[in-house]
Each structure stands twice: as C-alpha cells, then as structure tokens.
Amino acid sequence: MLERGGQLLFDKLTLRLHEPRIGLIGDNGAGKSSLLRLIAGLEQPQSGTVRVHGLDARRERAALPRQVGLMFQNPDDQIICPTVEEEVGFTLSAQGVPRRQARQQARDFLQARGLGHWSERAIAELSQGQRQQVCLLALQIGRPATLLLDEPFASLDLPSQYRLSHQILAGAQQLVFSTHVLDQVRGFERVLWLDRGRVREDGPGHEVCDAYRADVQRRADAMPACMDALPC
C-alpha cells in the first residue's frame, strides 16, 4: 500500500515485471510515476514489499543504483554537472571509479556513440531533447539491469522523439517506462494500463493501447458539447 498526503495511491497491488520491455500508460494521476519511484526506491510503501532484482527496496536501498536507473520527466531535475562529460562521468564516480578515470570512460563512451563532440559542451547550451539524451547516457554508462523512464518524450518535438527512442531501444537493459505516446510502446511485450492506482488492463502492447485509446474516445464522446464554450 502506498499513501501520500492522505490519498491512497496503491492498495493490494501485486506485480511481477520480468519482460524485457514494459510500458505504463494511463491518464495523468493514474500512478505511473509513483510506481516507477517505488521501483527506484525513491518512495516507500506503508505496507508490503518492493523487490528489485532480489533486493529489498527499503532495506537495501543503497544497492539499488547498480540495478536500476530512473530518468525523470524533466532533465533539469536530474542533471547536476555543468558539462556533458562531467554529467555522464558522475555516474561512474558515484560507483567508486576515480574521477579522472570516470571522465576518460565518459569521453570514450560518448565517442563510441558518435557524440564525442558533446564531451565539453555546456549543459546550459543544449536543447530539451539533447538534455534528455544526456540523462539517458548518464544512466546507460552505469549499466543498470533496468532502466525506468518517466515520460521521456514529454516536451520533445518529433525529431527529438525519434532520436531518443532509437537511443532507448538500442540498449540491452530491461525497459520500464511511462508514456502518453502510445505508438512508442504499442510493440512492447507487455503494457500496463493504470487507472487511479489499479491495473485496468495488462497484456500485449497493441491490445492494451487499443483498449485505452477506445476508452479515452468513449469518454471524449460522452462529454457535453458545451464544455468548450463559455458560458454553457
């Protein structure tokens, strides 16, 4: 059970997430971000247990960053270093790699991905999409078993979405990410449709996405015709 501010978010929720690619969809406030934060150990349930690759997310929280990495919706909430090289290398430094060695590994990591020219770029000079890429690179270099992505395509134009999607799918880690861009998870092995903290549908991506889209359409069709007109 997870309760925040007197509001019950999850109650009697049981999930086992083993598939390589898992999508989370649903309306705003459905619980997608909260579920990711539970898995990452940033939220703790009032009752029940969260286990991540065999680790208890409450008692062994310090060990979670080597197993799971969370990318926030807003890259500015995640980035802490002034340059790309420093930001990507910080992940390794946090794992105990000496700073100079971490910087060199970051340079090599960027170079191998055709982004060597980004090494010394200031984060402040990057676009929203580029900062999202840096956040993902900073997670990927640490090689966690699972990547948690919280609406990674929010506020990105279409070219930036394509670039980030290619970067995400090129990795070998398990993916669990929430999105409102249904086409990005339609081909996933498993998609969960969350609705106010409960699982409304759970199954192959194309089936769950179609069910959610149809539900949204039904709700839209049921709205009074005067909703967009003032006064009604």
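**Loops, helices and packing in a predicted chain**

Colleague: In which loop is the place of Glu151?

Modeller: The model is a predicted one. Two elements flank Glu151, namely the strand β7 (146-150) and the helix α5. The place of Glu151 is therefore, by this assignment of helices and strands, in the loop between β7 and α5.

Colleague: Does Glu151 count as buried or exposed, and at what relative accessibility?

Modeller: A residue counts as buried when its relative accessible area is under 20%. Glu151 falls under that cut-off and therefore counts as buried, its relative accessibility being 12%.

Colleague: What value is phi of Glu151 near?

Modeller: Most residues other than glycine have a negative phi. Glu151 is a residue other than glycine, yet its phi is positive. The phi of Glu151 is near 45°.

Colleague: Which residue, although it is not a glycine, has a positive phi of about 50°?

Modeller: The residue is found in the loop between β9 (190-195) and β10 (198-203). It is exposed, with a relative accessible area of 68%, which is over the 50% cut-off. The residue with a positive phi of about 50° is Arg196.

Colleague: What is the phi of Gly96, which follows α2, near?

Modeller: Gly96 comes after helix α2. Its phi is positive, near 105°.

Colleague: Against which helices do the buried residues of α2 pack?

Modeller: The buried residues of α2 are Val84, Glu85, Glu87, Val88, Gly89, Thr91 and Leu92. These buried residues pack against α3 and α4.

Colleague: What is the orientation of α2 and α3 to each other?

Modeller: Two packed helices are described by the angle between their axes and the distance between the axes. Helix α2 (residues 84-94) and helix α3 (residues 99-112) pack at about 120°, and their axes are 8 Å apart. An angle of 65 to 115 degrees would count as roughly perpendicular, and one over 145 as roughly antiparallel. The angle falls in neither class, and α2 and α3 are therefore oblique.

Colleague: By class, how many nonpolar, polar and charged residues has the contact of α2 with α3?

Modeller: α2 passes α3 in a right-handed crossing. On the α2 side, the contact is made by Val84, Glu85, Glu86, Val88, Gly89, Leu92 and Ser93. On the α3 side, it is made by Arg99, Ala102, Arg103, Gln105, Ala106, Arg107, Phe109 and Leu110. By class, this contact has 7 nonpolar, 3 polar and 5 charged residues.

Colleague: What is the orientation of α4 and α5 to each other?

Modeller: Helix α4 (residues 128-140) and helix α5 (residues 158-169) have axes 10 Å apart, and they pack at an angle of about 5°. Angles under 35 degrees count as roughly parallel. α4 and α5 are therefore roughly parallel.

Colleague: By class, how many nonpolar, polar and charged residues has the contact of α4 with α5?

Modeller: From α4, the contact involves Gly129, Gln132, Gln133, Leu136, Leu137 and Gln140. From α5, it involves Ser160, Arg163, Leu164, Gln167 and Ile168. By class, the residues are 4 nonpolar, 6 polar and 1 charged.

Colleague: With which residues is Arg131 in contact, leaving aside its neighbours within four places in sequence?

Modeller: Arg131 belongs to helix α4. At 13% relative accessibility, Arg131 is under the 20% cut-off and so counts as buried. Leaving aside neighbours within four places in sequence, the residues in contact with Arg131 are Pro75, Asp76, Ile79, Ile123 and Leu126.

Colleague: What distance separates the C-alpha atoms of Arg213 and Leu182?

Modeller: Arg213 is part of helix α6 (residues 205-222) and is partly exposed, with a relative accessible area of 46%. Leaving aside neighbours within four places in sequence, Arg213 is in contact with Leu182 and Asp183. Arg213 and Leu182 are 31 residues apart along the chain, and the separation of their C-alpha atoms is 8.6 Å.

Colleague: What distance separates the C-alpha atoms of Asp108 and Leu156?

Modeller: Asp108 lies in helix α3 and is partly exposed, with a relative accessible area of 43%. Asp108 and Leu156 are 48 residues apart along the chain, and their C-alpha atoms are separated by 27 Å.

Colleague: What is the radius of gyration of the chain?

Modeller: The secondary structure of the chain comes to 6 helices and 10 strands. For 232 residues the globule rule gives 17 Å, and the value for the chain is close to this, so the chain is as compact as a globular protein of that length. The radius of gyration of the chain is 19 Å.

Note on methods. Residues numbered from 1 in each chain as written. Predicted model: local features only at pLDDT ≥ 70, side-chain atom pairs only at ≥ 80, totals over all residues. Heavy atoms only, no water. Axes fitted to C-alpha atoms, helices over the stretch in contact; angles between N-to-C directions. Helix = DSSP H or I, 4+ residues; strand = E, 2+ residues; numbered from the N terminus. Left-handed = near helix turned anticlockwise from the far one by under 90°. Contact = heavy atoms within 4.5 Å. Nonpolar A, V, L, I, M, F, W, Y, C, P; charged D, E, K, R; others polar. Rg over C-alpha atoms; globule rule 2.2 N^0.38 Å. Buried < 20%, exposed > 50% of the residue type's maximum accessible area, 1.4 Å probe, protein only.
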